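Subject: Structure for you to look at, with notes

Hello,

Here is the structure I said I would pass on. Please open it alongside this message, since the notes refer to individual residues.

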Amino acid sequence: MNIVAEAFGAIAVVLNFIGYRQTNVDKYLLISAFALAALSAHFFMLDAMAAGVGTLLASVRNFIAIKHRSNVILFLFIAINMGFLAYEWFVLNHNWIIFVAYTSSLIFTVGSLVIRNTHTIRKVFLVAETLGLIYAISVGSIFGTVFNVSNLISIVSKLRKP
């Protein structure tokens with residue numbers, strides 16, 4: 001086990017646990033951006049490129065989404081995600097599981113840049129987190145798995161509250 005990689009994963013879990021409890025979307029995006037940066041480092045250290053790229057782009061996207069939301073930014077991040085997916089699939093010949101990671105990333109991208117309601121964004125993120133969980137398990141990421149499970153629990157608990 002890579003202790004340093006898992007330490008970054010643990011930091012991501014703690015930060016995102018705090019982030020998902022925010023009632024303001026901008027506060028969520030800020031805390032989540034730092035969590036995603038830590039998770040990106042975690043996945044790159046585990047040689048899980050699709051998740052590393054997806055979470056790094058998500059971190060940058062969240063910082064941008066706090067102040068700027070437009071179709072140009074949305075399409076730019078979609079294009080970057082699709083470009084990396086194509087690169088991994090056609091050039092690096094990575095396994096099909098990358099489609100799960102990039103689908104999750106695209107759902108998060110659209111949700112973060114389009115949805116402003118915390119209740120709605122949580123419902124959309126249930127799907128993305130589930131896909132992230134599938135990918136984390138497939139690459140053997142302990143804290144990536146914990147990250148997604150804790151996020152799913154956080155989302156469900158917040159959705160159940162009136």
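The notes below start with confidence, then go through the surface patch, a loop and some single residues.

Confidence

This is a predicted model. The mean pLDDT over the chain is 92, and 99% of the residues score at least 70. Helix α4 has the highest confidence in the chain, at 96, while helix α7 (residues 142-160) has the lowest, at a mean of 90. As a general caution, predicted coordinates should not be read in detail where pLDDT is low.

The nonpolar patch

Eight names are worth marking in your viewer: Phe84, Tyr87, Trp89, Phe90, Val91, Leu92, Trp96 and Phe99 form a nonpolar patch on the surface. Together these residues have about 810 Å² of accessible area. Helix α4 (residues 71-91) supplies the largest share of the patch, five residues. Leu92, also a patch member, lies in the loop between α4 and α5 (98-114). Its relative accessibility is 31%, so Leu92 counts as partly exposed; the cut-off for joining a patch is over 30%.

Trp96 is another patch residue placed in the loop between α4 and α5. Trp96 counts as exposed because its relative accessibility is 54%, and exposed means over 50%. The side chains of Trp96 and Asn95 are joined by a polar contact of 3.2 Å. For a sense of distance, Trp96 and Ala65 are 31 residues apart in sequence and 30 Å apart in space, C-alpha to C-alpha.

His94 and Asn93

His94 also has its place in the loop between α4 and α5. With a relative accessible area of 28%, His94 is partly exposed. Leaving aside residues up to four places away in sequence, His94 touches Met49, Glu88 and Trp89. With Glu88 there is a polar contact between the side chains, at 2.6 Å. Trp89, by contrast, is one of the residues in the nonpolar patch. His94 and Ala50 are 44 residues apart in sequence, yet their C-alpha atoms are 9.1 Å apart in space.

Asn93 lies in the loop between α4 and α5 as well. Its phi is near 55°, a positive value in a residue other than glycine. Asn93 counts as exposed because its relative accessibility is 59%.

Asp47

A positive phi also turns up at Asp47, near 60°, again in a residue other than glycine. For context, most residues other than glycine have a negative phi. Asp47 lies in the loop between α2 (25-45) and α3 (49-67). With 73% relative accessibility, Asp47 counts as exposed.

Glu6

Is Glu6 buried or exposed? Glu6 is buried, because its relative accessible area is 5% and buried means under 20%. This residue is found in helix α1 (residues 3-19). The side chain of Glu6 reaches the backbone nitrogen of Phe143 at 3.0 Å. Phe143 falls within the residue range of helix α7 (142-160).

If you go through the model in the viewer, I would take the loop between α4 and α5 as one stop, with Leu92, Asn93, His94 and Trp96 among its residues. Asp47, in the loop between α2 and α3, and Glu6, in helix α1, can be looked at separately.

Regards

Conventions. Residues numbered from 1 in each chain as written. Predicted model: local features only at pLDDT ≥ 70, side-chain atom pairs only at ≥ 80, totals over all residues. Heavy atoms only, no water. Patch = residues over 30% accessible without salt bridge, like charges linked within 9 Å, V, L, I, M, F, W, Y side chains within 5 Å. Areas by Shrake-Rupley, 256 points an atom, 1.4 Å probe, with all protein chains shown as cover. Salt bridge = Lys/Arg side-chain N within 4 Å of Asp/Glu carboxyl O. Helix = DSSP H or I, 4+ residues; strand = E, 2+ residues; numbered from the N terminus. Buried < 20%, exposed > 50% of the residue type's maximum accessible area, 1.4 Å probe, protein only. pLDDT = per-residue confidence, 0-100. Contact = heavy atoms within 4.5 Å. Polar contact = N/O pair within 3.5 Å; in protein donor to acceptor, adjacent residues only side chain to side chain.
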